[in-house]
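I opened this notebook to record what I looked up in the structure. The entries follow the order of my reading.

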Amino acid sequence: MVVPALAMFVVFGIVPLVGVLLLSFAQWDGLGAIHTAGISNWRTVLSDPALPHTVLVTFEIMFLSWAVQTPLSLLLGVFLAGRQRYRALLAVLYFVPLLLSSAAIAITYKALLDPNFGLGPGLHLDFLTQDWLGKGNLAVGVVIFVVSWQFIPFHSLIYQGGVRQIPTTMYEAAAIDGAGRIRQFFSITVPQLKYTIITSSTLMVVGSLTFFDLIFILTAGGPGDATRVLALDMYKRGFQANLMGPASVIAVLLVVLGLILALVLRRLGGSTTASQQEGA
Amino acid sequence: MAVLTSSAATRPAGSNPVGMRRLTQLNWFGGAAGWLWLVIVLVPLYWIVVTSFKDQSAFFTQNPFALPADPTIENYRLVIESDFPRYFVNSVVVTAGTIIPAVAISFMAAYAIVRGAGSRLLAGVNGLFLMGLAIPLQATIIPVYLLIIRMHLYDSLLALILPSIAFSIPLSVLVLTNFIRDVPKELFESMRVDGASEWGMLRKLALPLTRPALVTVSIYNGLGVWNGFLLPLILTQSPDKRTLPLALWTFQGQYSVNVPAVLASVVLTTLPIVILYALGRRQLLSGLTAGFSR
C-alpha cells in the first residue's frame with residue numbers, strides 16, 4: 001500500500017534531489033545536450049563577487065521576517081486562545097490572507113504602493129507616498145511587511161493551538177503565588193510554548209528560503225540586487241540566463257542550508273518536524 | 001472520533017471554566033493589538049474589492065477607500081471575456097488532478113506505516129517522507145524540468161500535476177499518520193477477528209474515522225496547488241496551458257494601467273478558494289493544529 005506514494009515521491013522528489021547535485025557538475029543550457037563540466041560551475045558561483053550579497057540578503061530577509069513575525073504571532077496567538085465568540089470570528093478573518101496566492105498578494109501590494117496612483121497619493125498622505133519598491137532599504141522593508149501580512153495569521157493559529165494545551169492549573173497556581181499577568185506570560189506561557197516556538201520558527205526560517213513568487217513579482221529582485229534572494233538567483237541563472245549548471249549549484253546550496261537550519265532548530269528543541277511547503 | 005481527534009489538539013483536557021476565565025482575561029493590550037491586526041489584514045482586502053468595482057476615472061480621482069460612486073461590473077466582464085474561463089478550468093483540472101490521487105496514495109501509505117509499526121522497512125520509508133518536508137520545491141525544479149522534458153510532458157497540464165502530487169505526499173503522510181494512530185487498536189483487532197482484510201479495514205474503519213484529516217490535507221494541498229506559481233512558470237509555455245496565478249501575472253503585464261481590471265481578476269482567482277475555505281474551515285484549522293502543534 002505504501003508503494004504508489006513511495007514511487008511518486010522517489011521519482012519526483014528524491015531522484016531530482018540527486019539530479020540537482022549531478023547537474024551542478026554539468027554544463028546545460030536547458031535545451032541542448034548535457035556535458036560534464038567538473039567543478040567549474042562551483043568555481044564560477046563560489047567566486048562570483050555577487051554571491052555574498054545574495055546570501056546576505058537571503059539571511060537578512062529570513063532573520064528580519066522571523067523577528068517581526070514571531071513576537072506578533074505569539075501575542076496574537078495568546079490573545080486568540082481566549083474563549084469569547086468574537087475571537088473565533090477574528091481567527092476566521094485572520095486566515096483570509098493565506099487563501100490568496102503570492103502572485104495576487106504581490107500584484108495587490110504593487111498597486112497599493114505605487115508612488116503615482118497608490119494609496120499614498122490617493123489619500124494625500126506624504127509619508128505613504130514614496131518610491132517603496134525603487135529604493136533598496138524600503139524594498140526589503142516592503143518584502144518583510146508583505147510576508148508578515150501573509151503568514152502571521154498562520155503562525156498565530158499555531159500559537160493559539162499551543163496555548164490551549166497549557167494546563168490552566170499552572171496559571172491558577174501562579175495567581176495564588178501573586179504573579180501578575182505579565183509575569184505569568186513570561187514565566188509560564190513562553191516557556192510552555194517552547195516547542196511551538198521552535199516549530200513555528202522552523203517553518204518561518206526554512207520557508208523563507210523558498211520565497212520566490214512573491215519577490216519575483218513584487219520587486220523581481222530589485223532595485224538593483226537589493227531583494228535578490230537565493231531562490232530568485234537560481235531562477236535567474238537557470239531559466240533567464242540559461243545556465244543550468246551554476247543554477248544547480250545555487251539549488252544545492254539551498255538544500256544544504258535548509259537541512260542545516262532545520263537540524264539546528266530541531267537540536268534546539270528536541271523533536272519537531274520541519275516543512276518547506278509554502279505557507280506551512 | 002472526529003470530535004475526539006480535533007479537540008485533543010485544540011482543547012486542554014479537563015479545563016475548568018474558572019481557570020479559563022483567568023487565561024482569557026488577557027487584558028486590553030492584547031485586545032487592542034488583535035483588532036489593530038484585523039485592520040491591517042482587512043484594509044488591503046477591502047481596497048481590492050472596492051476598487052474592482054470602480055471604473056478607471058473613479059480609480060484615479062476618488063478617495064481609494066470610498067465606495068464606488070458609480071459601481072461597475074465592467075472590469076469583471078473584461079476579465080471573464082478574456083481567456084479567464086480557460087485558465088480557471090486549467091486550475092481546477094490541475095488542482096483536482098493533484099489532490100485526489102495525492103490524498104489517496106498518501107492515505108494508503110499512512111495506513112500501511114501505522115499498521116506496520118515495527119517494520120524497519122516502513123519506518124525507513126516514513127523517515128524518507130519526513131525528510132521530504134525539508135526539501136525545498138524550488139531546489140529540485142531544474143531536474144524536475146529536465147525529467148518533464150525527457151518524459152515529453154513539457155507544456156502539458158500533466159507536467160504540473162505529477163510533481164505537485166509528489167510534493168503533497170510528505171505533509172499528507174505526516175498529518176494522516178498522526179490521525180490514524182489515534183484509532184484504537186482494539187477496533188482493528190475486533191475487525192480482524194470478524195475476518196476483515198487490510199483493505200476492508202482501511203475502507204470501513206480508517207477511512208471514515210480519518211475523514212476530517214482527509215479534508216484537511218485536501219484543502220491544504222489544494223490551496224498550495226491552486227496558488228502555485230513556480231511550476232506553471234517553468235513547466236508550461238503556451239498561453240492555453242496557464243493556470244490562474246500565472247495568468248494573473250501576465251494579465252498584470254498586459255493591463256498594468258488598468259488597475260481595477262487587474263484587481264477584479266485577483267478577486268475572481270481568490271473567490272473559489274474562499275468558498276472552499278468557508279465550507280471546510282473547521283476541519284482545516286483543527287487538522288493544522290493537530291499536524292503542527294508540538
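The entries below concern a predicted model.

**Entry 1: chain A as a whole.** I began with the secondary structure of chain A, which comes to 13 helices and two strands. I then took the box along the principal axes, and the C-alpha atoms of chain A fill roughly 75 × 60 × 35 Å. Chain A has 280 residues, and I noted that 58% of them are buried. Of the contacts in chain A with a separation of 6 or more, 68% join residues 24 or more positions apart. For the surface, I recorded about 11,000 Å² exposed by chain A, with 68% supplied by carbon and sulfur atoms.

**Entry 2: the interface.** I next asked how many residues each chain brings to the contact. Chain A gives 100 residues and chain B gives 104 residues. Together the two chains bury about 9,200 Å², and 77% of this area is on carbon and sulfur atoms. I also looked for salt bridges across the interface of chain B and chain A, and the rule finds zero.

**Entry 3: annotated spans of chain B.** I consulted the unreviewed UniProt entry, whose annotation "transmembrane region" covers residues 26–49, 87–114, 121–148, 160–180, 213–235 and 255–279 of chain B. I checked two of these spans against the coordinates. Residues 121–148 of chain B are 71% helix and 0% strand, with the end C-alpha atoms 30 Å apart. Residues 160–180 of chain B are 100% helix and 0% strand, and there the end C-alpha atoms lie 29 Å apart.

**Entry 4: a surface patch on chain A.** Which residues form a nonpolar patch on the surface? I found A:Val256, A:Ile260, A:Val264 and A:Leu268, with about 350 Å² of accessible area together. I placed A:Leu268 in helix α13 of chain A, residues 244–269. A:Leu268 counts as exposed because its relative accessibility is 54%, and the cut-off for exposed is over 50%.

**Entry 5: positive phi outside glycine.** I noted A:Asn242, which is not a glycine yet has a positive phi of about 55 degrees. A:Asn242 sits in the loop between α12 (230–240) and α13 of chain A. Its relative accessibility is 41%, so I entered A:Asn242 as partly exposed.

In chain B I noted B:His152, with a positive phi near 55 degrees. The loop that holds B:His152 runs between α8 (141–150) and α9 (157–181) of chain B. Is B:His152 buried or exposed? I entered B:His152 as exposed, because its relative accessible area is 73%.

Note on methods:
Residues numbered from 1 in each chain as written. Chains lettered and ligands numbered in written order. Predicted model: local features only at pLDDT ≥ 70, side-chain atom pairs only at ≥ 80, totals over all residues. Heavy atoms only, no water. UniProt positions renumbered as here; feature names shortened; annotations may be inferred. Helix = DSSP H or I, 4+ residues; strand = E, 2+ residues; numbered from the N terminus. Patch = residues over 30% accessible without salt bridge, like charges linked within 9 Å, V, L, I, M, F, W, Y side chains within 5 Å. Areas by Shrake-Rupley, 256 points an atom, 1.4 Å probe, with all protein chains shown as cover. Salt bridge = Lys/Arg side-chain N within 4 Å of Asp/Glu carboxyl O. Buried < 20%, exposed > 50% of the residue type's maximum accessible area, 1.4 Å probe, protein only. Contact = heavy atoms within 4.5 Å. Buried area = accessible area lost by both parts, 1.4 Å probe.
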